[in-house]
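Visitor: Please take a close look at a single part of this structure, one of its pockets, and describe what lines it and what surrounds it. A connected account would be welcome.

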Amino acid sequence: MNKLELISQIQQKKSFLCIGLDVDLAKIPTHLLSESDPIFEFNKQIIDATHHLAVAYKPNTAFYEAYGIKGWVALEKTINYINEKYPEIFTIADAKRGDIGNTSTMYAKAFFEDLNFDSVTVAPYMGSDSVEPFLAFNNKHTILLALTSNKGGLDFQGLKTDNSELYKEVLKTALTWKNSENLMFVVGATKAEYFKDIRQIVPNHFLLVPGVGAQGGNLQGVCKYGLNNDCGLLINSSRGIIYAGNDKGFALKAKDEAFKLQQEMEQILHKKSQG
């Protein structure tokens, strides 16, 4: 999927919602545990109930790898289901990969060719030759960790350099890499006050923003400085949506929570279009 197709989805659905499919068997409704593949069945029902409200889905691969081969099969079935039934939706493998060139190429093949995700999250710590193998894939996107929402995020990302903070240097340097137009960046919602400076460095790139909802991020605060002319934001909510209910009506409750966010997003987009 290219950037224009994603922008079109945002305009059509009046939404920039990304739903995180972080499936924990200890948290899903117990009636699903009798299914042959409870993880996939949970995802399928969430996707069917929310696909008209979301423009992206983001499985965090750790929640699948934790269950061994069965988890990996459930991930494959999930991405295949989205690609076959809702091909207009942008898909993100939240894998946070990053290694030397040959290894990165294999990681990229795994997520872009075998599983056919539209994008994958990548750590920038090892520099250009660990990221450019991902960027080499046409119509695929590499989502680079820039400023994360976790408690320890600023331990390194916020360190002062001679010129600015380290995360700003990561952003600036990443723009010099080959095929940098295929980059997106992760910026945590709990760091809303940083979006103004970030947009000065990367005004036109999409930002994947986790942390709205369960982690305490504020949508209005993020959008105040994070929106650009193409929207340029993918706001992720995981637990706040997928675990809204724990009975047989869980998918409808997930839809209700997704609808609340979509409605807020529609108002924000309308207000921006009015100038």
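Guide: The second largest pocket of this predicted model has a lining of 18 residues, and those nearest its centre are P124, Y125, Q157, L166 and V170. Three elements each give two or more residues to that lining, namely strand 5 (141-147), helix 7 (154-157) and helix 8 (166-174). Helix 8 supplies the largest share, with five residues. The volume of the second largest pocket is about 380 Å³. Sorted by class, its lining consists of eleven nonpolar, six polar and one charged residues.

Since helix 8 gives the largest share of the lining, the account continues with that helix. Its buried residues are Y167, K168, E169, V170, L171 and A174. V170 thus appears twice in this description: it is one of the residues nearest the centre of the pocket, and it is one of the buried residues of helix 8. The cover over these buried residues includes strand 5 and helix 7, together with strand 6 (183-187) and helix 9 (195-201). Strand 5 and helix 7 also give two or more residues each to the pocket lining.

Two of the buried residues of helix 8, K168 and E169, take part in salt bridges. K168 pairs with D197, with a nitrogen-to-oxygen separation of 3.2 Å. Because D197 belongs to helix 9 and K168 to helix 8, this bridge ties together parts that are 29 residues apart in sequence. The two partners differ in accessibility class: K168 has a relative accessible area of 13% and is therefore buried, whereas D197, at 29%, counts as partly exposed. Helix 9 thus relates to helix 8 in two ways, as part of what covers its buried residues and through the bridge from D197 to K168. This bridge also has a wider setting, for K168 and D197 are linked with K160 and E165 in a network of salt bridges.

E169 forms a salt bridge with K172, the nitrogen and oxygen being 3.7 Å apart. Here both residues lie in helix 8, three residues apart, so about one helical turn separates them. The general geometry accounts for such a pairing: with 3.6 residues to each turn of an α-helix, residues three or four places apart point the same way. E169 is among the buried residues of helix 8, while K172 is partly exposed, since its relative accessible area is 40%.

The same kind of spacing occurs in helix 2 (residues 38-50), where D48 and K44 lie four residues apart, about one turn of the helix. These two side chains form a salt bridge in which the closest N and O atoms are 3.6 Å apart. D48 counts as partly exposed because its relative accessibility is 25%, and K44 is likewise partly exposed, with a relative accessible area of 25%. In total, the structure holds eleven salt bridges.

Aromatic contacts form a further part of the setting. The count of aromatic pairs comes to eight. In one of them, F111 and F117 have ring centres 6.4 Å apart and planes at 65 degrees, so the arrangement is edge-to-face. F111 and F117 are both buried. Elsewhere, ring pairs join F40, Y81 and Y86 into a cluster.

Two lysines deserve mention for their backbone geometry. K14, in the loop between helix 1 (3-13) and strand 1 (17-20), has a phi near 50 degrees, a positive value in a residue other than glycine. K96, in strand 3 (residues 90-97), also has a positive phi, of about 50 degrees, although it is not a glycine. K14 is partly exposed because its relative accessibility is 40%, and K96 is partly exposed because its value is 42%.

Finally, two residues illustrate how sequence separation and spatial separation may be set side by side. Q267, in helix 12 (residues 250-273), is 252 residues from S15 in sequence, with their C-alpha atoms 9.6 Å apart. M106, in helix 5 (residues 101-114), is 167 residues from S273 along the chain, and their C-alpha atoms are separated by 42 Å. Q267 counts as exposed because its relative accessibility is 56%, and M106 is exposed because its relative accessible area is 53%.

Notes
Residues are numbered from 1 along each chain as its sequence is written. This is a predicted model: local features need pLDDT of at least 70, side-chain atom pairs count only at pLDDT 80 or more; totals for chains, interfaces and linings use all residues. Side-chain values use heavy atoms; hydrogens and water are left out. On a 1 Å grid over the protein atoms alone, a cavity is a set of points where a 1.4 Å probe fits but cannot get out, and a pocket is an open set with protein on both sides within 12 Å along at least five of seven lines; lining residues have an atom within 4 Å of a point. Grid points are joined across faces, edges and corners, and a volume is the space filled by probe spheres set on the points. Ala, Val, Leu, Ile, Met, Phe, Trp, Tyr, Cys and Pro count as nonpolar, Asp, Glu, Lys and Arg as charged, and the others, Gly among them, as polar. Buried means under 20% relative accessible area, exposed over 50%, partly exposed in between (1.4 Å probe, protein chains only). Contact means heavy atoms within 4.5 Å. Rings of Phe, Tyr and Trp (its six-membered ring) pair if their centres lie within 6.5 Å; planes under 30 degrees apart count as stacked, over 60 as edge-to-face and the rest as tilted. A salt bridge is a side-chain nitrogen of Lys or Arg within 4 Å of a carboxyl oxygen of Asp or Glu.
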